[in-house]
Amino acid sequence: MNEAKLIACHECDLLQWETALSDGGTASCQRCGATLYRSLPATFDRALALTVAAAILFVVANCFPVVGLWVNGTLLNTTLFGAASSLYADGMWAIAGLVFVTTILMPSLNIAAVINLLLPLHMRGFPQKPEIVLRVLRHVAPWGMIEVLMLGLLVALVKLQHIATVVPGVAIWAFGAVMVLLAAAAVTFDPRDIWARIGNARNNGDVSHAVNANFTAATAARVGFCICHDCGLLSKPLAHAHSASCPRCDATLHLRKPDSLKRTWAFIVAAMILYIPAVLLPVMVTSTLFGAQSDTILSGVVYLWTTGSWLLAAIVFIASVVVPMLKILSLTYLAWSTQLCSPLIPRQRTRIYRTVEFVGRWSMLDIYVITILVALVQFGSVATIEAGPGAIAFGAVVVLTMFAALSFDPRLIWDAVELESE
C-alpha cells in the first residue's frame, strides 16, 4: 500500500502521487506540464506582513490624486474613484463599473480575504469559515488588475504631457508599491496549506489509501474520482447521491465543468461580434475650439508612434489589438478542436489555453488610459475628452474573452486522447 497522497492534475486530470519537494520547489504534471503545487516555507508571517502593508498603501492610493495637470496656474487632479465617477457622470456607467470593479473592488476583496485567513493563523488561531474565504479569493484573483492599471497610467502620462504640465500624484507611487507588495505576497502565500489544515480539522478521508499505484496511469474520471474545483481535493462521490459535494469545502462536484463548450462558444461568438465595433468605432472623442476629433484604438497607437513613444505604441498595439484578436482565434481553435474530439497535439493546445488565460487581463490597458484622460481633460469649451462607443464594445470584448477562458475546461482536450487510446 502506498502512503503517499494521490492527486489529479487540474488541466489534464491525470492521477499522480504527490512527492516531497525542497523549499521553493515546484511540481509539474508529467503529462501536460501544468504546475501542480509548490513547496513554500510553513510560515504565513511574511505573506501577512506584505499584505497588510499593501492594504495600508491601497487606502493611501485611493485617497490621494493619481495624477494632475497644471493649466493656467491651476492644478487639476483626480483620484482613481473620481476618474471612474467622471465616466459614470458622462453616461458611460458600464465602463465606470468595470474600472471600479477591477481596480478597487476586486483588489480590496483580495487583500481582505488574505488578511482574514492569515491573521488568525499568526495569532495561533484558526480563521472563521476559511473555505468560503478561499473560494472568494479564487474567484476574485483573476479580476484584480493593479499591474495593468499601472501600465495604463504610464501611457496616459505620455499622452497628457502633450496637453499640459503633468504632475504625478501620491497615488501613482502608492499603486506601484501595492502592485509590488501584492506580487510578493502571492509568491509567499500558499492556499493549498490552508486547505490541508481545513481537511485535517474535519478529518476528511483520503482516497489515496483506496487505490493502488497502477491507477496513476489513468485519469481521475476514468476510475470514478472527482477533483474539487475550489479546494483541489480528490474524492470519490457516493453512487447513490443525486449531487455530489466535496467532503472538505462542500462545493458541488463535477467530473467536468458543466456545459463548458456551450458557454465557451457563447462567449466567443459574442466577443467576435463586438470586436468589430470595438476596433472601428471611436474610443475617445476630443472636442476643442477647432472642432471634434474621434480616435479609435489604432489611431491612438499611431499617435504614440508619431510622437516618439515607440515602445508604448508597441505595447498598446499588442495589448489592445493583437492580444484580443489572438485570444478570440485561440479560443475558437480550442473550442472547435475539442468539439471534434481531436487527439492531436494536446500538450500544445493546453499551453495555448494557459497562455490565453494569463494574458487576458492585459487588454484592459486602453480602458484605463481612457478613464484617466476623460477625468482630467475637462477644460470647458477649450478642450474636453469623452469616452466613445468603441470603449464600451472593447471593454465587453475583454470581459467576454476572460469569461470564455474561465468557462473552457482543458481536461476536455485530454478526454479525446483517452478515447483514442482505448
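Student: Leaving aside neighbours within four places in sequence, which residues is Arg349 in contact with?
Tutor: Keep in mind that this is a predicted model. Arg349 sits in helix α11, which covers residues 346–359. With a relative accessibility of 1%, Arg349 counts as buried. Beyond its sequence neighbours within four places, its contacts are Tyr333, Leu334, Ser337, Thr338, Ser342, Pro343, Leu344 and Ile413.

Student: How many disulfides does the structure hold?
Tutor: Take Cys228 and Cys249, whose sulfurs are 3.5 Å apart. A disulfide needs the sulfur atoms within 2.5 Å, so this pair is too far apart for a bond. For the whole structure, the number of disulfides is zero.

Student: Is Cys249 buried or exposed?
Tutor: Buried means under 20% relative accessible area. Cys249 comes in at 2%, so the label is buried.

Student: And what is the relative accessibility of Cys228?
Tutor: Cys228 is one of the members of a 24-residue nonpolar core, along with Val114, Ile194 and Ala251, among others. Cys228 counts as buried, and its relative accessibility is 4%.

Student: Which helix gives the largest share of the largest nonpolar core?
Tutor: That core has 75 residues, and those touching the most other members are Leu87, Val99, Leu160, Phe175, Met364 and Ile372. Eleven of the core's residues come from one helix, residues 146–160, and that largest share belongs to α5.

Student: What does Met364 contact, leaving aside neighbours within four places in sequence?
Tutor: Met364 is among the residues that touch the most other members of the largest core. Past those sequence neighbours, Met364 is in contact with Leu98, Thr102, Met145, Val148 and Val398.

Conventions: Residues numbered from 1 in each chain as written. Predicted model: local features only at pLDDT ≥ 70, side-chain atom pairs only at ≥ 80, totals over all residues. Heavy atoms only, no water. Buried < 20%, exposed > 50% of the residue type's maximum accessible area, 1.4 Å probe, protein only. Core = buried A, V, L, I, M, F, W, Y, C linked by side-chain atoms within 4.5 Å. Helix = DSSP H or I, 4+ residues; strand = E, 2+ residues; numbered from the N terminus. Contact = heavy atoms within 4.5 Å.
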